[in-house]
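I opened this one to go through its helices, its core and its cysteines. Notes follow in the order I looked things up.

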Amino acid sequence: MGKWLYILSLFSFSTLANQLAIEVIEGAYPKLTFRIEALEQLELKAHNKASKNDQEQVFQISLPTSSACVANNLQLLRGRLIAVEFAWNQSIQQQISILSQNQLWKDFAYRVTVPSSNPSCNLPSIELSFPSLSTFNSGWGRVNVNQVSGVNAHNFFVMQQVGNSYQFNLISPNHTKAQQYWLKFYAQ
């Protein structure tokens with residue numbers, strides 16, 4: 001089996017930093033962690049339904065421009081089954097709650113725009129399309145919503161690239177590898 005490297009891309013904006021990390025968990029699936037601490041814009045938008053699984057509205061999150069080339073890092077995971085941790089802080093969760101106007105915000109999908117100022121980046125702006133928290137909470141997934149720390153969601157997906165969009169599609173993992181992931185997670 002080939003070796004994987006731990007890749008960390010930090011997007012520094014004042015005292016807050018967004019984080020993208022890829023790591024290998026021995027005996028389990030590769031893990032993509034995406035934490036949002038700072039954003040430029042958050043909107044609840046109508047979404048053209050491309051399939052029956054798409055929601056009518058999505059949260060559109062725009063991040064500040066970074067010098068990191070996230071698209072190059074994500075190429076390692078394209079088409080692979082991966083564990084995904086998607087998280088944001090309490091301040092962003094408050095904004096999501098206000099925008100959703102007491103609607104079921106856990107049922108809305110998330111589209112995160114990640115622009116790059118790196119001239120060597122093949123895709124200067126990408127969009128990460130995450131499903132709703134309800135989807136994250138199904139099957140082997142877990143969602144933790146905390147008024148102090150914010151939201152932390154985990155599940156298993158296959159990431160597919162369509163143009164500059166990376167879509168995360170829920171998939172049922174191998175039970176042994178999924179158990180290894182959760183054992184390591186709870187051991188930490």
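**Entry 1: the core.** Before looking, I fixed the term: a nonpolar core is a set of buried Ala, Val, Leu, Ile, Met, Phe, Trp, Tyr and Cys residues joined through side-chain atoms within 4.5 Å. I also keep in mind that this is a predicted model. The largest such core holds 37 residues, and Phe34, Tyr110, Val112, Leu128 and Phe130 have the most contacts inside it. I picked valine 112 and listed what it touches, skipping neighbours within four places in sequence: Phe34, Ile36, Ile61, Leu63, Phe86, Ile126, Glu127, Leu128 and Phe130. There is also a second, separate core of 10 residues, with Ala28, Tyr29, Ala83 and Ala178 among them.

**Entry 2: the whole chain.** I counted 4 helices and 11 strands in the protein chain. Of its 188 residues, 45% count as buried. I then took the contacts with a separation of 6 or more, and found that 62% of them join residues 24 or more positions apart.

**Entry 3: helix H4.** I checked the length of H4, residues 175-187, against the usual rise. Its 13 residues at 1.5 Å each should span 18 Å, and the end C-alpha atoms are 18 Å apart, so the two agree. Which residues of H4 are buried? I found Ala178, Tyr181 and Trp182. These cover an arc of only 90° around the axis, which means they sit on the same side of H4. That fits the textbook picture: an α-helix has 3.6 residues a turn, so residues three or four places apart point the same way. Turned away from the buried side, the other face of H4 carries the exposed residues Thr176, Leu183 and Ala187. I looked at what covers the buried residues, and the list includes strands E3 (31-36), E6 (81-88), E9 (142-146) and E10 (150-162). At the N-terminal end of H4, asparagine 174 acts as the cap, with a side-chain oxygen 2.8 Å from the backbone nitrogen of threonine 176.

**Entry 4: helix H2.** I repeated the exercise on H2, residues 90-100, where Ile92, Gln93, Ile96 and Ser100 are buried. Their arc around the axis is only 100°, so they too lie on the same side of H2. The buried residues of H2 pack against E3, E4 (41-46), E5 (57-62), E6, E7 (109-115) and E10. The N-terminal cap of H2 is asparagine 89, which puts a side-chain oxygen 3.2 Å from the backbone nitrogen of serine 91. Just past the other end, I noted that glutamine 101 takes a positive phi of about 50°.

**Entry 5: the cysteines.** How many disulfides does a search of the whole structure find? I got 1. Cysteine 69 and cysteine 121 form it, with their sulfur atoms 2.0 Å apart. The link is right-handed, with 70° about the S-S bond. The pair links distant parts of the chain, 52 residues apart: cysteine 69 is in the loop between E5 and helix H1 (70-74), and cysteine 121 is in the loop between E7 and strand E8 (125-130). Are these cysteines buried or exposed? Cysteine 69 has 8% relative accessibility, so I log it as buried. Cysteine 121, at 9%, counts as buried too; the cut-off for that is under 20%.

**Entry 6: glutamine 60.** I wanted a polar residue in a strand, and glutamine 60 is in E5. Its relative accessible area is 11%, so glutamine 60 is buried. Leaving out neighbours within four places in sequence, I see glutamine 60 in contact with Gln41, Leu42, Glu43, Lys45, Arg111, Thr113 and Glu127. The side chain of glutamine 60 reaches the backbone oxygen of arginine 111 at 3.4 Å. I also noted that the C-alpha atoms of glutamine 60 and leucine 44 are separated by 6.2 Å, with their positions 16 residues apart along the chain.

**Entry 7: asparagine 146.** Last stop was asparagine 146 in strand E9. With a relative accessible area of 30%, asparagine 146 is partly exposed. Its side chain reaches the backbone nitrogen of valine 148 at 2.6 Å. A polar atom of the asparagine 146 side chain also lies 3.2 Å from the backbone nitrogen of serine 149. The C-alpha atoms of asparagine 146 and asparagine 89, 57 residues apart along the chain, are separated by 9.2 Å.

Terms used: Residues are numbered from 1 along each chain as its sequence is written. This is a predicted model: local features need pLDDT of at least 70, side-chain atom pairs count only at pLDDT 80 or more; totals for chains, interfaces and linings use all residues. Side-chain values use heavy atoms; hydrogens and water are left out. Helices (H or I, at least four residues) and strands (E, at least two) are DSSP runs, numbered from the N terminus. The expected span of a helix is 1.5 Å times one less than its number of residues. Buried means under 20% relative accessible area, exposed over 50%, partly exposed in between (1.4 Å probe, protein chains only). The arc is that of the directions from the helix axis to the C-beta atoms. Contact means heavy atoms within 4.5 Å. A polar contact is a pair of N or O atoms within 3.5 Å; within protein, one must be able to donate a hydrogen and the other to accept it, and residues adjacent in sequence count only if both atoms are side-chain atoms. A disulfide is a pair of cysteine sulfur atoms within 2.5 Å.
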